[in-house]
Amino acid sequence: ARAITAAAVPGLPPGFRWGVATAAYQIEGAAAEDGRTPSIWDTYCRVPGMVVRGENGDVACDHYHRMPEDVRLIADLGVDTYRFSLSWPRIQPGGRGPANAKGLDFYKRLVDELEARDITPWITLYHWDLPQELETGDISGSPAGGGWPARDTAHRFAEYAALAYDALGDRVKHWTTLNEPWCSAMLGYAYGNQAPGRQDFGDAIRAVHHLLLGHGLAARHIRETAAARGHELELGITLNLGTATPETDSPEDAEACRRADGMGRRLYLDPLVKGAYPEDVVADLALRNAELPVRDGDLAVISTPIDVLGVNFYRGTLFSGVTEEGSPADAEGLPVTRGVERDLPRTAMDWEITPTALTDLLVGLEEEYGVPTVVTENGAAFEDTVSEDGQIHDADRTTYLADHIAAVAAARAAGADVRGYFAWSLMDNFEWSYGYDKRFGIVRVDYGTQERTLKDSAKWYRDTIRLTRGR
Ligand code: GBH
């Protein structure tokens, strides 16, 4: 990796928002404390073979008990914003009924600590921890039926969002409804490599619609409440987005990109911003016997205006519309949408490193949707080593961050209204199905002692922010 020293990022204004991000289940631990009930992740982690080494979030970074210390760490980084998620089963155990005062109290204290250090809280209501009681089915054999494929879950989510907003809306301006509904729907219900681990494409597509409906119901309630109470509000949703680039200029490859972009991006952004599902994607779904369970009025709810779109970016992908043997149809006769590996540097997740794709993505979003964006997650896992001096010289991560921040500046220069950048993640944490094996933090966590150590990338980030602000 090339050596990199901190310098101001040209093209990013002093008011540009800088942050670090985390998610409740990945850092909090205290899984059974103060009334919290299990989420689908607590259950999934206990199914043999689902998570590397059978790990889980019972303790994680023990953030629930170390929160003030962690806020000091955030302050030391010099960021102005902290993006974190609320744990639904902590705030509303079991996913129904009244709020749990002890659960809310933790987040009130977190907001106190942030306010005391002039750090803006940026709340995500849902980062994948659905209360298990709302799922009902699980992958150990009991009949599936609930969860996001069920319409009722959208209403349950809106009710939980109202409880959270009631408690914190007077002090927190930035609200994100969902983190990455594509992951919740596709990884959770079609591919099964995330909780709840179901594998039914039709269920996944029903989940897409109900996640979006839940977003819309929550967004409408929060907007109305904020207006009635005179609260400042910046409301949004976060999507995981990439780019789809054709391998060749063949019509098959162009079609593969249309399909990939449709399933990954337009299926969410068109209803959110334009109030209609994209017709070509609906037709693609019909080919696979899947249908979005839309009822009258749903799209008006889903397209409740948002103020900001959160973009989580990790990589762009090259696509081919034919099999390796050159056939445009797969074994079931369906058109081929095949990711093609390139000879590019990769992270420890084996993801290709593609910073210019972030520029293309942000510029494309500006052109097609015209919503202001914030990069709510970007970062990388690498094989960190602790040197003899006790330091973590993660030049690869610094390079990754520097190149992607430069890509954001390039997007702004090309006219995209990108307002902030949040590094994923504040600290090493429970990386879902990969357990504690993959480290995305700019701060190292020693899971034996829970000691936190700033990696070189964190120091570089701190210095870069300071220089870019001109202070
Ligand atoms: C985010 O999701 C999550 O919000 C966060 O909790 C998590 O810790 C972080 O990423 C790191 O994983 O099939 O090779 O093309 C990331 C969602 C979706 C990103 C799938 C990569 C494609 C990988 N991911 N995506 S690949």
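# A tour from Asp-42 to the ligand

Select Ser-39 and Asp-42 to begin: a polar atom of the Asp-42 side chain lies 2.8 Å from the backbone nitrogen of Ser-39. Keep in mind throughout that this is a predicted model.

**Stop 1: Asp-42**

Stay on Asp-42 and show its helix. Asp-42 belongs to α2, residues 40-45. Is Asp-42 buried or exposed? Its relative accessibility is 6%, so Asp-42 counts as buried; the cut-off for buried is under 20%. Now display its contacts from further along the sequence. Leaving aside neighbours within four places, Asp-42 is in contact with Tyr-25, Ala-31, Arg-36 and Asp-58.

**Stop 2: the two annotated glutamates**

Select Glu-180 and Glu-377. An unreviewed UniProt entry gives both the feature "active site". They span 198 residues in sequence, yet their C-alpha atoms are no more than 10.6 Å apart, so the two gather at one spot.

Take Glu-180 alone. Look for it in the loop between β4 (174-179) and α8 (181-191). Glu-180 counts as buried, at 5% relative accessibility. Not counting residues up to four places away in sequence, Glu-180 touches Trp-128, Thr-238, Leu-239, Asn-240, Asn-312, Tyr-314 and Glu-377.

Move to Glu-377. Where does Glu-377 sit? Strand β10, residues 373-378, holds Glu-377. Glu-377 is buried too, with a relative accessible area of 3%. Show Asn-312 next to it. The side chains of Glu-377 and Asn-312 make a polar contact at 3.1 Å. Widen the selection beyond four places in sequence, and the residues that Glu-377 touches include Arg-83, His-127, Asn-179, Glu-180, Phe-422 and Trp-424.

**Stop 3: the ligand**

Show the ligand with its surroundings. How many residues surround the ligand? There are 16, and the closest are Gln-26, His-127, Glu-180, Glu-431 and Trp-432. Glu-180, from the previous stop, is therefore one of the closest.

Now pick out three polar approaches to oxygen atoms of the ligand.

- Glu-431: a polar side-chain atom lies 2.6 Å from a ligand oxygen.
- Trp-432: a polar side-chain atom lies 2.9 Å from a ligand oxygen.
- Tyr-314: a polar side-chain atom lies 3.3 Å from a ligand oxygen.

Colour the annotated positions next. The unreviewed UniProt entry places the feature "binding site" at Gln-26, His-127, Asn-179, Tyr-314, Trp-424, Glu-431 and Trp-432.

**Stop 4: His-127**

Centre on His-127. The residue is in the loop between β3 (120-126) and α6 (132-135). His-127 is buried, with a relative accessible area of 2%. Show the residues around it. Not counting those up to four places away in sequence, His-127 touches Ala-23, Gln-26, Arg-83, Ser-85, Asn-179, Glu-377, Trp-424 and Trp-432.

**Stop 5: Trp-424 and strand β11**

Follow the contact from His-127 to Trp-424. Trp-424 is in strand β11, residues 418-424. At 3% relative accessibility, Trp-424 counts as buried. Extend the selection to the whole strand. Of the 7 residues of β11, 6 are buried, so the strand is largely enclosed by the rest of the structure.

Which strands pair with β11 here? Strand β1 (residues 17-21) runs parallel to β11, joined by 5 bridges. Select Gly-19 to find one of the pairs: its bridge partner in β11 is Phe-422. Then select β10, which pairs with β11 in the parallel sense over 3 bridges. Thr-373 stands opposite Val-418 in β11.

**Stop 6: a three-stranded sheet**

Finish at β6, β8 and β9. These 3 strands form an open sheet in the order β6-β8-β9, with mixed pairing. Strands β6 (244-246) and β9 (338-340) are at the edges; each has a single partner strand, so one side of each is left without a neighbour in the sheet. From one strand to the next, the twist averages 50°.

Zoom in on β6 and β8. β8 covers residues 317-320 and runs parallel to β6, with 3 bridges between them. Select Ala-244: Thr-317 in β8 stands opposite. Last, show helix α10, residues 251-274. The helix lies across β6 and β8, running at about 175° to β6.

Methods. Residues numbered from 1 in each chain as written. Predicted model: local features only at pLDDT ≥ 70, side-chain atom pairs only at ≥ 80, totals over all residues. Heavy atoms only, no water. Pairing = 2+ DSSP bridges. Helix = DSSP H or I, 4+ residues; strand = E, 2+ residues; numbered from the N terminus. Axes fitted to C-alpha atoms, helices over the stretch in contact; angles between N-to-C directions. Contact = heavy atoms within 4.5 Å. UniProt positions renumbered as here; feature names shortened; annotations may be inferred. Buried < 20%, exposed > 50% of the residue type's maximum accessible area, 1.4 Å probe, protein only. Polar contact = N/O pair within 3.5 Å; in protein donor to acceptor, adjacent residues only side chain to side chain. Near = heavy atom within 4 Å.
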